[in-house]
Amino acid sequence: MKRTLVAGLCLLSMGLAGCGMPTDQRVPAEAMNFAATQSAEAAKIESLKRDILALGPGIDPAEAQRVAEVAVREPLVWAKEWDVVDPPLIHNMKVNHGLKPRGLCKDWADDLQRAMWRLDLKTIDLHRAIANSRNISLEHSVLIVSAKGASFEQGIVLDPWRQGMGRLWWSKTLEDPRYHWDSREEVFAWKREWQARVAEGR
């Protein structure tokens, strides 16, 4: 009876030991967090790529992949460079007071546009758009991508500012629940006209 009990305990301890990873083979928490982050980024890139390809049959899948990678990953790098640790509006305030180097919505859109220019895209067009340019709300600027030859209204808004810390938010232009977008060219033309009227005292 005693031998049976001892044998049983030995088998039980071996079974329990087999349920866990040996201590010297456990993955450090930092590595697990990094792997989880990388997996989330990869999923986000794949999702954005699918949305870009859905904009038109003429879009090169390789270009859609590169655009998605840049849009998701590069803003995260800039967030570290600009020391973005606060929600967007608070960070804006710090930039405007000279406490942080960059990180206004225009900075994200400018740098994202320059990064996309370097891709030398053939099947995807880039557009700049501005919201709230004619009211008292905070003006907002973004980059929009569309199929070659399509309008910005038929494109996808890429917005690394909205969620904070360079985390990309995107949607179809006309489905944006928060902003109504106007092309930057139209906004600039309206501002020039308005400034001319003010100068003339009208």
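Where is the place of Asp120? The place of Asp120 is in the loop between H5 and E1. The legends below describe close-up views of a predicted model.

**View 1. Asp120 in the loop between H5 and E1.**
Asp120 is not a glycine, yet its phi is positive, at about 50°. Most residues other than glycine have a negative phi. The side chain of Asp120 forms a salt bridge with Lys122, and the closest N and O atoms are 3.3 Å apart. Lys122 is exposed, with a relative accessible area of 53%.

**View 2. Asp83 and its salt bridge with Lys100.**
The closest N and O atoms of Asp83 and Lys100 are 3.4 Å apart. Asp83 lies in the loop between helix H3 (61–81) and helix H4 (88–96), and Lys100 in the loop between H4 and helix H5 (105–117), so the pair ties together parts that are 17 residues apart in sequence. The two partners fall into separate accessibility classes: Asp83 is partly exposed, with a relative accessible area of 39%, whereas Lys100 is buried, with a relative accessible area of 13%. The backbone of Asp83 has a phi near 55°, a positive value in a residue other than glycine.

**View 3. A network of salt bridges that links Arg102, Asp107, Asp111 and Arg114.**
Side chains of opposite charge can pair when their charged atoms come close. Within this network, Arg102 forms a salt bridge with Asp107, the closest N and O atoms being 3.4 Å apart. Arg102 counts as partly exposed, at 24% relative accessibility. Asp107 lies in helix H5 and is buried, with a relative accessible area of 13%. Leaving aside neighbours within four places in sequence, Asp107 is in contact with Trp82 and Arg102. Arg102 is thus named both as a salt-bridge partner of Asp107 and among the contacts of Asp107. For the structure, the count of salt bridges comes to 13.

**View 4. The open sheet of 5 strands.**
The strands stand in the order E4-E3-E2-E1-E5, and the pairing is antiparallel. Strand E4 (169–172) and E5 are at the edges, each with a single partner strand, so one side of each is left without a neighbour in the sheet. Strands of a sheet pair through backbone hydrogen bonds, either parallel or antiparallel. At the E4 edge, 4 bridges join strand E3 (residues 156–159) to E4, and the two run antiparallel. In this pairing Leu158 stands opposite Trp170 in E4.

**View 5. Strand E1 between E2 and E5.**
Strand E1 (residues 124–131) is mostly covered, with 7 of its 8 residues buried. On the E2 side, 8 bridges join E1 to strand E2 (residues 140–147), and these strands run antiparallel. Arg128 stands opposite Leu143 in E2. On the E5 side, 2 bridges join E1 to strand E5 (residues 182–183), also antiparallel. Here Ala129 stands opposite Ser183 in E5.

**View 6. Ser183 in strand E5.**
Which residues is Ser183 in contact with, leaving aside its neighbours within four places in sequence? They are Arg128, Ala129 and Phe152. Of these, Ala129 is the residue that stands opposite Ser183 in the pairing of E1 with E5. Ser183 counts as buried, at 10% relative accessibility. The strand that holds Ser183, E5, is at an edge of the sheet.

**View 7. The largest cavity and its lining.**
The structure holds 1 cavity of 30 Å³ or more. About 40 Å³ of space lies in the largest cavity. The lining is made up of Val84, Pro88, His91, Asn92, Gly103, Trp108, Trp161, Gly164 and Met165. H4 gives the largest share of this lining, 3 residues. By residue type, the lining divides into 5 nonpolar, 4 polar and no charged residues. Rolling a probe the size of a water molecule over the atoms shows where empty space is left.

How values were computed. Residues numbered from 1 in each chain as written. Predicted model: local features only at pLDDT ≥ 70, side-chain atom pairs only at ≥ 80, totals over all residues. Heavy atoms only, no water. Salt bridge = Lys/Arg side-chain N within 4 Å of Asp/Glu carboxyl O. Buried < 20%, exposed > 50% of the residue type's maximum accessible area, 1.4 Å probe, protein only. Pairing = 2+ DSSP bridges. 1 Å grid on protein atoms, 1.4 Å probe; cavity = no way out; pocket = protein on both sides within 12 Å on 5 of 7 lines; lining within 4 Å. Points joined across faces, edges and corners; volume = space filled by probe spheres on them. Nonpolar A, V, L, I, M, F, W, Y, C, P; charged D, E, K, R; others polar. Contact = heavy atoms within 4.5 Å.
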